[in-house]
Structure formats: structure tokens, C-alpha cells
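Here are my notes on the structure, set out as numbered points. Please read them with the sequence and the coordinates open beside you.

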Amino acid sequence: MGARFVAALGRVQAVQGFLLGLLMLAMTFGYATNVLVREVVPSFAPRLAWIDEVALFGLVWIVFLAIGLALESGRHISMRMLLDRMPPPARRAVKIVINLLGLVFSLYMVKVGWEITAFVARSGQASPTLGFSVAWLYWVMPVGFLLLAAQYLVELLGWSDRFAREIDPMHHL
């Protein structure tokens, strides 16, 4: 069961990484186009006002969709220096507490995110330039925290150990 769950989560994370990369490229291209149009053909710029809004949505989506990937890769804030100085039994206990608190917090944020998304959807609030529900901006919060909770669960059950990964500060720059 554990190996299948970890493998499925790995596939989800691979798709996440791919989609986040595409989103970053699209945002970069869109924003560069927007700036170029503002400089070269300013009279056409108001027709591209939607790019700012799409970039804002994309930025929010990237933040929330990447939190689980950051945890999985060992890039979340951690207390490695402190953990490394602890005796192994204390280290195991602290890791369990960290992962349990992370799981509980993540699940709570799924609930809060879902409530906020539902509230915004019921309010009928629409984005100014795109005209669709602002709930699209918020739905990523419960999804991102659900993916983070899944990663904390994997860590809590001992199916993965982000603390065992060596972090090279020059990697992924």
C-alpha cells in the first residue's frame, strides 16, 4: 500500500512540476509581451490588461501548488542543524512531532481554503478583466494544502524522509 501511494504521489508531483514549469513560462512570456506592447504600441496596451490578472492568478497558483514539492525535496524550513545534534531517539520523536503538526495544520488549511473558496464562489465576485469567478483564484489553496498533507502523511508513515536528503544550495538554481 505504502509503495503504491508514494508512487502515485510521485506521479502527481511530476505532473505538478511540469505544470508549474509551463505556468512559469506562460507567465514570463505573457508579461514580457505585455511590457513590450506598453512600450512599442501603448494604444494597444489596454486590450492586454488581462495579462496582469492572469499573471497574478498564476503566481498564487504557483505558490500553493509548489508547497508540497518544496516539502518533498527538503526545501521547507527545517531544523537540520538542531536535529543533527540530537541523539537518534530524540531526533525520531521530533520528526514525528513536526510531521504530525504539519499534517494537522495542512488539513486545517484544506478546510479553511475550501470554506473561503465556497464563500467567494457564492458571493459571485468576478475578476475585473477576465470576468470569471474569483473562486478560481482560491480553489488552489485547498488543493495545494491537500497535496502538502499527503506529503506530510508519507513522511509521518516513514515512507519518505526529507531530512535524509542532502541539500545542495547550488542545485536547482
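1. Contact, as used throughout this note, means heavy atoms within 4.5 Å. With that cut-off, and leaving aside neighbours within four places in sequence, Q16 is in contact with L65, L69 and L147. Q16 is found in helix α1, which covers residues 2-40, and with a relative accessible area of 8% Q16 is buried; here buried means under 20% relative accessible area, exposed means over 50%, and partly exposed lies in between, for a 1.4 Å probe and with protein chains only.

2. A word on the basis of these points: this is a predicted model, in which local features need pLDDT of at least 70 and side-chain atom pairs count only at pLDDT 80 or more, whereas totals for chains, interfaces and linings use all residues. Residues are numbered from 1 along each chain as its sequence is written, and side-chain values use heavy atoms, with hydrogens and water left out.

3. The protein has six helices and zero strands, and the pattern read along the sequence is α-α-α-α-α-α. Helices (H or I, at least four residues) and strands (E, at least two) are DSSP runs, numbered from the N terminus.

4. On overall dimensions, the radius of gyration of the protein is 20 Å, whereas a compact globule of 173 residues would have a value near 16 Å. That radius is taken over C-alpha atoms, and the globule rule is 2.2 Å times the number of residues to the power 0.38. Taken along the principal axes, the box filled by the C-alpha atoms is roughly 65 × 40 × 30 Å.

5. How much of the protein is buried, and how much surface does the protein expose? Buried residues make up 33% of the 173 residues, while the exposed surface is about 11,000 Å², of which carbon and sulfur atoms supply 73%. These areas come from the Shrake-Rupley method with a 1.4 Å probe, and for residues only the protein chains shown count as cover. Among the contacts with a separation of 6 or more, 73% are accounted for by residues 24 or more positions apart.

6. The largest nonpolar core has eleven residues in all: I67, L71, L103, M109, V110, V112, M141, F145, L148, A149 and Y152. At least two residues of this core come from each of α2 (50-72), α4 (88-123) and α6 (140-156), and α6 gives the most, with five residues. Apart from it lies another core, of eight residues, among them M27, I62, L69 and L147. A nonpolar core is a set of buried Ala, Val, Leu, Ile, Met, Phe, Trp, Tyr and Cys residues joined through side-chain atoms within 4.5 Å. In soluble globular proteins, nonpolar side chains tend to be buried together.

7. Which residues does F145 touch, not counting residues up to four places away in sequence? They are F64, I67, F105, S106, M109 and V110. F145 has its place in helix α6 and is buried, with a relative accessible area of 9%. By contrast with those contacts, F145 and E53 are 23 Å apart in space, C-alpha to C-alpha, and 92 residues apart in sequence.

8. F5 is found in helix α1 and counts as partly exposed because its relative accessibility is 30%. Leaving aside neighbours within four places in sequence, F5 is in contact with A150, V154 and W159. Of these, A150 is 145 residues from F5 in sequence, yet their C-alpha atoms are 9.3 Å apart in space.

9. S160 is found in the segment after α6, and S160 counts as buried because its relative accessibility is 17%. The contacts of S160, without neighbours within four places in sequence, are Q151, V154, E155 and R165. Between S160 and E72 the C-alpha distance is 8.4 Å, although 88 residues separate them in sequence.

10. Is R92 buried or exposed? R92, which is found in helix α4, counts as exposed because its relative accessibility is 51%. R92 and I51 are 41 residues apart along the chain, and their C-alpha atoms are separated by 47 Å.

11. Finally, the mean positions of the 14 positive and 10 negative charges of the protein are 7 Å apart. Lys and Arg count as positive and Asp and Glu as negative, with His and the chain ends not counted; the place of a charge is taken as NZ of Lys, CZ of Arg, CG of Asp or CD of Glu.
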